[in-house]
Amino acid sequence: MTDTHPARRAPTALTSLTMFAATALTVTALTMTASTAATGDSSGPGREPGHGRRPGGTQAALEEIVRQGTPGVIAETRDGNRTWRGAAGVADLGTRRPRSPGERFRVASMTKPFTATVILKLEAAGRLSLGDSVERWLPGLVRGEGYHPEQITIRHLLNHTSGIFNYNDDEAFRARYAGDEFAKNRYTTIAPRELVEIALGHPAPFQPGEPGHWGYSDTNYILAGMIIERASGHGYADEVGRQIIGPLGLRGTEVPGTKPTLPRPHARHYSTLFEDGPDAKIRDVTELNPSVAWAAGQIVSTTHDINTFMTRLLRGRVLEPAQQRELLATVPVRGEDGHGGSEDRYGLGIRLFELAPGCQVWGHGGMIPGSASRTAVSADGRHALTMNRNGDWGAQELEDAAVRAEFC
């Protein structure tokens with residue numbers, strides 16, 4: 001299960017989980033013992049030191065995230081031609097190895113900008129149109145109470161106005177990955193069609209494009225991935241590689257398919273698996289089958305690669321002008337609790353955050369068991385922050401503070 005709501009706690013994409021230890025680690029114990037290993041790296045060809053706010057602002061925010069219970073956190077910022085990297089806490093609770101800014105991690109719903117970008121590039125190539133219906137590309141698939149697939153367009157999928165239920169909100173599905181059940185299901189492969197069928201077992205929450213309605217749904221991006229395969233004639237992973245990873249030189253990025261392991265270097269990923277409270281058990285969930293997230297949230301990447309992709313995307317260096325306008329054409333975010341301002345808006349796979357009066361950024365968030373991430377970029381694409389925590393509990397308000405410290 002993946003949470004792509006940029007800064008709120010929700011279910012995450014499920015994969016394989018291994019128990020961290022026979023002894024019961026608790027959130028309370030972790031909060032008391034997590035060490036801080038702060039680093040700043042502005043070295044390397046073409047790099048200049050980051051501006052003075054970061055050691056006292058963004059770095060301090062990373063350290064506070066660790067003090068309040070997250071095992072470790074990493075971040076990279078870019079501001080013009082300046083690059084700064086920071087880290088705090090540990091990558092491994094057993095060895096106490098510190099986190100390193102170059103680590104790879106599961107980006108979860110930060111996959112959505114990749115998926116939306118591939119769709120837009122296919123439109124520019126004349127392979128599809130955002131106004132095409134889901135029924136045209138996936139005939140007979142979307143069937144259920146209140147669903148009218150001939151009225152649901154690709155644009156509705158990408159900006160979450162389709163009215164299709166989020167499969168991650170299905171209680172039986174989430175129960176497969178909660179607590180001890182996770183170990184039984186972590187390596188299971190789930191086909192995209194099965195995820196869609198889980199969603200369609202629920203009535204449509206609203207009609208596509210219905211005024212005043214918006215609903216974040218991972219199912220939208222599973223369907224988008226299926227349309228990518230149908231329109232391109234290639235597998236989803238192949239098309240992301242051909243359209244984005246290869247051309248942008250994202251050497252630390254991959255679409256893992258069903259592979260449960262992470263490429264090195266990486267931190268261990270830890271989760272409470274939806275258990276709440278100070279005594280919630282912490283489990284090592286580093287291995288997991290990411291097919292449960294697929295085109296909605298399975299990509300593995302680095303802070304460096306995400307910043308590269310997002311800055312080039314916002315600077316208009318990835319899409320044609322017509323598709324760039326579509327990317328940034330937004331609808332109001334409605335009916336959602338959690339962080340983000342009341343004026344937040346959502347484009348195509350990318351969200352406009354109102355951090356404070358007069359302070360806005362584009363970006364996305366993502367949460368999958370053991371990994372919570374955030375990316376934020378200024379409108380001109382020159383200033384960016386991407387961060388990752390290797391624990392999926394708490395700290396949303398502290399993440400918000402880190403973003404505000406960098407941009408506001």
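**Buried loops, packed helices and a single disulfide**

Ala-395 is a good place to enter this predicted model: with a relative accessible area of 17%, Ala-395 falls below the 20% limit and therefore counts as buried. The residue sits in the loop that runs between strand S13 (383-389) and helix H15. Although Ala-395 is not a glycine, its phi is positive, at about 75°.

Ala-108 has a positive phi too, about 55°, and is likewise not a glycine. This alanine belongs to the loop between strand S4 (105-106) and helix H4. At 0% relative accessibility, Ala-108 counts as buried.

Two further loop positions deserve a look. Thr-302 is found in the loop between strand S7 (300-301) and helix H13, and its relative accessibility of 8% makes it a buried residue. Which residues is Thr-302 in contact with, leaving aside its neighbours within four places in sequence? They are Gly-102, Glu-103, Arg-104, Phe-105 and Gly-252. Pro-265 lies in the loop between helix H11 (236-248) and strand S5 (270-271), and the peptide bond leading to Pro-265 from Arg-264 is cis, with omega near -5°.

For the wider setting, the protein chain holds 15 helices and 13 strands. Of its 408 residues, 60% count as buried. Among the contacts in the chain with a separation of 6 or more, 73% come from residues 24 or more positions apart.

The packing of helices can be followed in two pairs. Two packed helices are described by the angle between their axes and the distance between the axes. Helix H4 (residues 112-124) packs with helix H13 (residues 303-314) at an angle of about 45°, and their axes are 11 Å apart. Since angles from 35 up to 65 degrees are neither roughly parallel nor roughly perpendicular, H4 and H13 are therefore oblique to each other. The crossing of H4 past H13 is left-handed. On the H4 side the contact is made by Pro-113, Phe-114 and Thr-117, while H13 brings Ile-306, Phe-309, Met-310 and Leu-313. Six of these contact residues are nonpolar, one is polar and none is charged.

The second pair is helix H9 (residues 192-200) with helix H10 (residues 218-232), which pack at an angle of about 145° with their axes 10 Å apart. H9 and H10 also make a left-handed crossing. From H9, the residues in the contact are Pro-192, Leu-195, Val-196 and Ala-199; from H10, they are Thr-219, Ile-222, Leu-223 and Met-226. Seven residues of this contact are nonpolar, one is polar and none is charged. Within H9, the residues Leu-195, Val-196, Ile-198, Ala-199 and Leu-200 are buried. The buried residues of H9 pack against helix H7 (171-175) as well as H10.

Finally, how many disulfides does a search of the whole structure find? The search finds one, formed by Cys-359 and Cys-408 with their sulfur atoms 2.1 Å apart. The pair links distant parts of the chain, 49 residues apart: Cys-359 is in strand S11 (residues 359-368), and Cys-408 is in the segment after helix H15 (396-407). The link is left-handed, with -90° about the S-S bond. Is each partner buried or partly exposed? Cys-359 counts as buried at 9% relative accessibility, whereas Cys-408, at 45%, counts as partly exposed.

Notes:
Residues are numbered from 1 along each chain as its sequence is written. This is a predicted model: local features need pLDDT of at least 70, side-chain atom pairs count only at pLDDT 80 or more; totals for chains, interfaces and linings use all residues. Side-chain values use heavy atoms; hydrogens and water are left out. Axes are lines fitted to C-alpha atoms, for helices over the stretch in contact, and angles run from 0 to 180 degrees between N-to-C directions. Helices (H or I, at least four residues) and strands (E, at least two) are DSSP runs, numbered from the N terminus. Angles under 35 degrees count as roughly parallel, over 145 as roughly antiparallel, 65 to 115 as roughly perpendicular and the rest as oblique. A crossing is left-handed if the near helix is turned anticlockwise from the far one by less than a right angle, and right-handed if clockwise. Contact means heavy atoms within 4.5 Å. Ala, Val, Leu, Ile, Met, Phe, Trp, Tyr, Cys and Pro count as nonpolar, Asp, Glu, Lys and Arg as charged, and the others, Gly among them, as polar. A disulfide is a pair of cysteine sulfur atoms within 2.5 Å. Buried means under 20% relative accessible area, exposed over 50%, partly exposed in between (1.4 Å probe, protein chains only).
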